[in-house]
Amino acid sequence: MSFQIILGSASMARRKILAEMGYEFTIMTADIDEKSIRMDKPEELVMVLAEAKADAIISRLQSTSQPDEDAHATLLITADTVVVYEGITREKPSSKEEAWNFIKGYSGGQAAVIGSVFVTNLKTGKRKGGCCRAEVYFHIIPEEIIDSLIEEGITLDVAGGLMLEHPLISPFVEAVVGTTDTVMGLPKELTEKLIHEALQLL
């Protein structure tokens, strides 16, 4: 590649998706206080959070490295995801109890997933962003399945405690309207489009 990529996320799902897209990349995390950033609409919230993550990482990079004028372009990819259930925006669960209640709520119902992506060209300063939406419909999820999932603890690391790709949950997903990669945190088509736009000189 004639450019480098930094993925500004600790998410294993996002790493997996970006690798599936054929890209090599390094990882940096933003470490921002996401709870301190509030917006009324979920679409606005994910955009502002992804941009704040990018700003935090750029600030760290500028304080630790000197720019190389001859270097290839470096693209920073940041993203954010929330789940909207019955009109309420859900971020990462704050406890196992909250995660349990989240997943119990999805049982036999549906949830919307709103995801954003920002790609910042660190050489030119150009930044492109967008967001996607997917709807997830569930069969009834037995409580013992929810118990097993919660015991693993990993639901605390994802928006709304929602992990479609988990082998305990995937059999109970009735349908996804939209793309599964949107639900997992990095919509491939949007990310690819933004990468190309961020590399254009005009």
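Which residues does C132 touch, not counting residues up to four places away in sequence? The list reads V113, I114, G115, T182, P187 and L190. Keep in mind as you look around that this is a predicted model.

**Around C132**

C132 is found in strand β6. With a relative accessible area of 23%, C132 is partly exposed. You can also use C132 to get a feel for distances: between the C-alpha atoms of C132 and A13 there are 16 Å in space, while the two residues are 119 residues apart in sequence.

**The whole protein**

Now zoom out. The secondary structure comes to 6 helices and 7 strands. Starting at the N terminus, the elements follow the order β-α-β-α-β-β-α-β-β-α-β-α-α.

How does the radius of gyration fit with a compact globule? For 202 residues, such a globule would have a value near 17 Å, and the protein has 17 Å, so the two agree. Measure it along the principal axes instead, and the C-alpha trace spans about 55 × 30 × 30 Å.

What share of the 202 residues is buried? It comes to 47%. As for contacts with a separation of 6 or more, 72% of them are between residues 24 or more positions apart. On the outside, the protein exposes about 10300 Å², and carbon and sulfur atoms supply 52% of that area. The charges are worth a look too: there are 19 positive and 31 negative side chains, and the centres of these two sets lie 3 Å apart.

**A cluster of rings**

Next, the aromatic side chains. A pair of aromatic rings is described by the distance of the centres and the angle of the planes. Searching the whole structure turns up 3 aromatic pairs. One of them is formed by Y85 and Y106, and this pair is edge-to-face, with 5.6 Å from centre to centre and 85° between the planes. Y85 sits in strand β3 (residues 73-85) and Y106 in helix α3 (residues 96-106), so the pair ties together parts that are 21 residues apart in sequence.

Is Y106 buried or exposed? Y106 counts as buried because its relative accessibility is 1%. Y106 also pairs with F138: the ring centres are 5.7 Å apart and the planes are at 20°, so this pair is stacked. Here again distant parts of the chain are linked, since F138 belongs to strand β6 (residues 127-138), 32 residues away from Y106 in helix α3. F138 is buried, just as Y106 is. Y85, for its part, counts as buried at 14% relative accessibility. Put the ring pairs together and you get a cluster made of Y85, Y106 and F138.

**An unusual angle at E86**

Most residues other than glycine have a negative phi, and most peptide bonds are trans. E86 is not a glycine, yet its phi is positive, at about 50°. You can find E86 in the loop between β3 and β4 (88-90). E86 is exposed, and its relative accessible area is 68%.

**Two more places to visit**

I27 lies in strand β2 (residues 26-27). Leaving out residues up to four places away in sequence, I27 touches L7, S9 and R15. I27 and E97 are 70 residues apart in sequence, and their C-alpha atoms are 31 Å apart in space.

M47 lies in helix α2 (residues 42-64). Which residues is M47 in contact with, leaving aside its neighbours within four places in sequence? They are S116, F118, G129, G130 and C131. G130 is 83 residues from M47 along the chain, and the C-alpha atoms of the two are separated by 7.3 Å.

Here is how some of the residues on this tour are classed by accessibility.

| Residue | Relative accessibility | Class |
|---|---|---|
| Y106 | 1% | buried |
| Y85 | 14% | buried |
| M47 | 22% | partly exposed |
| C132 | 23% | partly exposed |
| I27 | 33% | partly exposed |
| E86 | 68% | exposed |

Why is M47 classed as partly exposed? Its relative accessibility is 22%, and the buried class stops under 20%, while the exposed class starts over 50%, so values in between are called partly exposed.

Notes: Residues are numbered from 1 along each chain as its sequence is written. This is a predicted model: local features need pLDDT of at least 70, side-chain atom pairs count only at pLDDT 80 or more; totals for chains, interfaces and linings use all residues. Side-chain values use heavy atoms; hydrogens and water are left out. Rings of Phe, Tyr and Trp (its six-membered ring) pair if their centres lie within 6.5 Å; planes under 30 degrees apart count as stacked, over 60 as edge-to-face and the rest as tilted. Helices (H or I, at least four residues) and strands (E, at least two) are DSSP runs, numbered from the N terminus. Buried means under 20% relative accessible area, exposed over 50%, partly exposed in between (1.4 Å probe, protein chains only). Contact means heavy atoms within 4.5 Å. The radius of gyration is taken over C-alpha atoms; the globule rule is 2.2 Å times the number of residues to the power 0.38. Accessible areas come from the Shrake-Rupley method with a 1.4 Å probe; for residues, only the protein chains shown count as cover. Lys and Arg count as positive and Asp and Glu as negative; His and the chain ends are not counted. The place of a charge is taken as NZ of Lys, CZ of Arg, CG of Asp or CD of Glu.
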